[in-house]
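Let's take a walk through this structure together. Have the sequence and the 3D view at hand, and follow along from one end of the chain to the other.

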Amino acid sequence: MNLKALVSVTGKPGLFKLIGQNKSGFILETLDAQKIKSVVNIATTKLATLEDITVYGEEEDLKLPDILERVKATGNVPDSKSDGKTLREFFREVAPGHDESRVYSSDIKKIITWYGIIKGLPLFNEERPEPVDPEPSGGKTVTDE
C-alpha cells in the first residue's frame, strides 16, 4: 500500500491527501467524493504522513504501514467503536510487540478508523514505493587487483 501522500492533521478529523504547498501552507484535499481543497498554515499546523507514523513497540517502534498490511490480511476488522478489550485483543494480533502501556485504546481506535477510510482508495492496493538509493553504484563493482 502506498501511503506517501496521505496525512493526518492535528486538530482535524479524518485523513487528507497532500497535493501541494504554497507560500502560506500546505494544500490538502479531502479523500471523499467531493475532493474539497483547503490550505493549512505551515507555522501553526502539524502534519504527519501515514508512511512515517510509528507505534510504540516493546523493543523497537512498529511502522504504521506494516500494521495496516496485517490488518488488511486479517479481513476481520472490528468496528472502531468496539470496547477497549476487543480492540486490544485485535491489536495484539496485528501489532505483536507493541508496548501496551504506551499504546492507548484511543490510538487503536484511530488506526482502525484510518484503515476504514483508506481501504477503499486505489492507492491502498498500490505497491509501496521503494526507498531511493542515495549513492547509486551505476552497476559497477569495485574489486582489488
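One cut-off will help before we start: a residue is called buried under 20% relative accessible area, exposed over 50%, and partly exposed in between. E100 makes a handy trial case, because its relative accessible area of 34% falls between those two limits and E100 is therefore partly exposed. Please keep in mind that you are looking at a predicted model.

Now for the overall plan. The chain has 3 helices and 7 strands, and from the N terminus on they run β-β-β-β-β-β-β-α-α-α. In other words, the strands come before the helices in that order. The chain holds 145 residues, and 34% of them count as buried.

Begin at the N-terminal end. N2 sits in the segment before β1, the strand of residues 6-9. Its relative accessible area is 17%, so N2 is buried. Where does the fold bring N2 in relation to L50? The two are 48 residues apart in sequence, yet their C-alpha atoms are 9.4 Å apart in space.

Move along to the loop between β2 (16-21) and β3, where you will find N22. With a relative accessible area of 33%, N22 is partly exposed. This residue also has a partner further along the sequence: N22 and V39 are separated by 17 residues, while the C-alpha to C-alpha distance is 8.5 Å.

The next stop is strand β3, residues 25-30, which contains E29. Is E29 buried or exposed? At 11% relative accessibility it falls under the 20% limit, so E29 counts as buried. Its side chain is linked to that of K37 by a polar contact of 3.3 Å. The pair also forms a salt bridge, with 3.3 Å between the closest N and O atoms. Side chains of opposite charge can pair when their charged atoms come close. The two partners differ in how much of them is accessible: K37, at 53%, counts as exposed, whereas E29, at 11%, counts as buried.

Between β3 and β4 (37-41) there is a loop, and K35 lies in it. What is the sign of phi in K35? The angle is positive, near 50 degrees, in a residue other than glycine. K35 has a relative accessible area of 43%, which means that it is partly exposed.

Further on, look for a cluster of acidic residues. E58, E59, E60 and D61 form a negative surface patch. One of its members, D61, is placed in the loop between β6 (54-55) and β7 (62-63). D61 has 40% relative accessibility and so counts as partly exposed.

From here we pass into the helical part of the chain. The loop between α1 (64-74) and α2 (84-94) includes S82. At 18% relative accessibility, S82 counts as buried. What does the side chain of S82 reach? It comes to 2.8 Å from the backbone oxygen of D79.

Just past α2, in the loop that leads to α3 (105-118), is A95. Its relative accessibility is 0%, so A95 counts as buried. A95 and D66 are 29 residues apart in sequence, with 8.5 Å between their C-alpha atoms.

Let's finish with the salt bridges. How many are there in the chain? The count comes to 3, and E29 with K37 is one of them. Another joins R92 and E100, whose closest N and O atoms are 2.7 Å apart. R92 has 41% relative accessibility and so counts as partly exposed, and E100, as we saw at the start, is partly exposed at 34%.

D99 and R102 also meet through their side chains in a salt bridge, at 3.2 Å from N to O. Here D99 is buried, with a relative accessible area of 15%, while R102, at 38%, is partly exposed. As you turn the model, you can compare this pair with E29 and K37, where E29 counts as buried and K37 counts as exposed.

Methods. Residues are numbered from 1 along each chain as its sequence is written. This is a predicted model: local features need pLDDT of at least 70, side-chain atom pairs count only at pLDDT 80 or more; totals for chains, interfaces and linings use all residues. Side-chain values use heavy atoms; hydrogens and water are left out. Patches are made of residues with over 30% relative accessible area and no salt bridge: like charges are joined within 9 Å, nonpolar side chains (Val, Leu, Ile, Met, Phe, Trp, Tyr) within 5 Å. Accessible areas come from the Shrake-Rupley method with a 1.4 Å probe; for residues, only the protein chains shown count as cover. A salt bridge is a side-chain nitrogen of Lys or Arg within 4 Å of a carboxyl oxygen of Asp or Glu. Lys and Arg count as positive and Asp and Glu as negative; His and the chain ends are not counted. The place of a charge is taken as NZ of Lys, CZ of Arg, CG of Asp or CD of Glu. Helices (H or I, at least four residues) and strands (E, at least two) are DSSP runs, numbered from the N terminus. Buried means under 20% relative accessible area, exposed over 50%, partly exposed in between (1.4 Å probe, protein chains only). A polar contact is a pair of N or O atoms within 3.5 Å; within protein, one must be able to donate a hydrogen and the other to accept it, and residues adjacent in sequence count only if both atoms are side-chain atoms.
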